Amino acid sequence: MGVNLIFRIAAVGILVSVICQVLKHSGRDEQAFLTSLAGLVLVLFWMIPYIYDLFDTMKQLFSL
């Protein structure tokens with residue numbers, strides 16, 4: 001996992017929080033919720049290969 005991934009996750013977090021605050025102040029709470037959910041799904045899709053590698057390493061470590 002490189003520093004690039006951490007910076008991308010931080011950028012998405014900052015962007016999503018700003019967009020959510022703007023949407024909440026304009027009275028669009030549903031769109032703010034969907035924006036935060038989309039940001040979470042995007043970051044989870046980025047993290048899936050690393051989570052798979054973690055479980056694969058644990059499987060090899062314990063020889064399961």
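## A tour of a two-helix chain

Select Asp29 to begin: with a relative accessibility of 46%, Asp29 counts as partly exposed, because that value falls between the 20% and 50% cut-offs. Keep in mind that you are looking at a predicted model.

**Stay at Asp29.** This residue belongs to helix α2. Now show what surrounds Asp29: setting aside neighbours within four places in sequence, Asp29 is in contact with Leu23 and Lys24. For a distance to try in your viewer, pick the C-alpha atoms of Asp29 and Ile19; they are 11 Å apart in space, with their positions 10 residues apart in sequence.

**Move on to Phe33.** You are still in helix α2 here. Is Phe33 buried or exposed? Phe33 counts as exposed, because its relative accessibility is 53% and the cut-off for that class is over 50%. Add Gln21 to the selection and you have a pair 12 residues apart along the chain, with 10 Å separating the two C-alpha atoms.

**Select residues 3-25.** This is helix α1, with 23 residues. What span should you expect from α1? At 1.5 Å a residue the answer is 33 Å, and the end C-alpha atoms are indeed 33 Å apart, so the expected and modelled spans agree.

**Colour the buried positions of α1.** Pick out Leu5, Val12, Val16, Cys20 and Leu23, which are buried in this helix. Then display residues 29-62 as well: that is α2, and the buried residues of α1 pack against it.

**Click on Gly27.** Gly27 follows α1, and its phi is positive, near 85°. If you have a Ramachandran panel to hand, this is a good residue to look up.

**Zoom out to the whole chain.** In total there are 2 helices and 0 strands. Turn the model along its principal axes and the C-alpha atoms fill a box of roughly 55 × 25 × 10 Å. The radius of gyration is 16 Å, whereas a compact globule of 64 residues would come near 11 Å.

**Switch on the surface.** The accessible surface of the chain is about 5300 Å², and carbon and sulfur atoms account for 72% of that area. Of the 64 residues, 14% count as buried.

**Finish with the charges.** Colour the side chains by charge to find 4 positive and 4 negative ones. How far apart are the centres of the two sets? They lie 4 Å apart.

Conventions
Residues are numbered from 1 along each chain as its sequence is written. This is a predicted model: local features need pLDDT of at least 70, side-chain atom pairs count only at pLDDT 80 or more; totals for chains, interfaces and linings use all residues. Side-chain values use heavy atoms; hydrogens and water are left out. Helices (H or I, at least four residues) and strands (E, at least two) are DSSP runs, numbered from the N terminus. The radius of gyration is taken over C-alpha atoms; the globule rule is 2.2 Å times the number of residues to the power 0.38. Buried means under 20% relative accessible area, exposed over 50%, partly exposed in between (1.4 Å probe, protein chains only). Accessible areas come from the Shrake-Rupley method with a 1.4 Å probe; for residues, only the protein chains shown count as cover. Lys and Arg count as positive and Asp and Glu as negative; His and the chain ends are not counted. The place of a charge is taken as NZ of Lys, CZ of Arg, CG of Asp or CD of Glu. The expected span of a helix is 1.5 Å times one less than its number of residues. Contact means heavy atoms within 4.5 Å.
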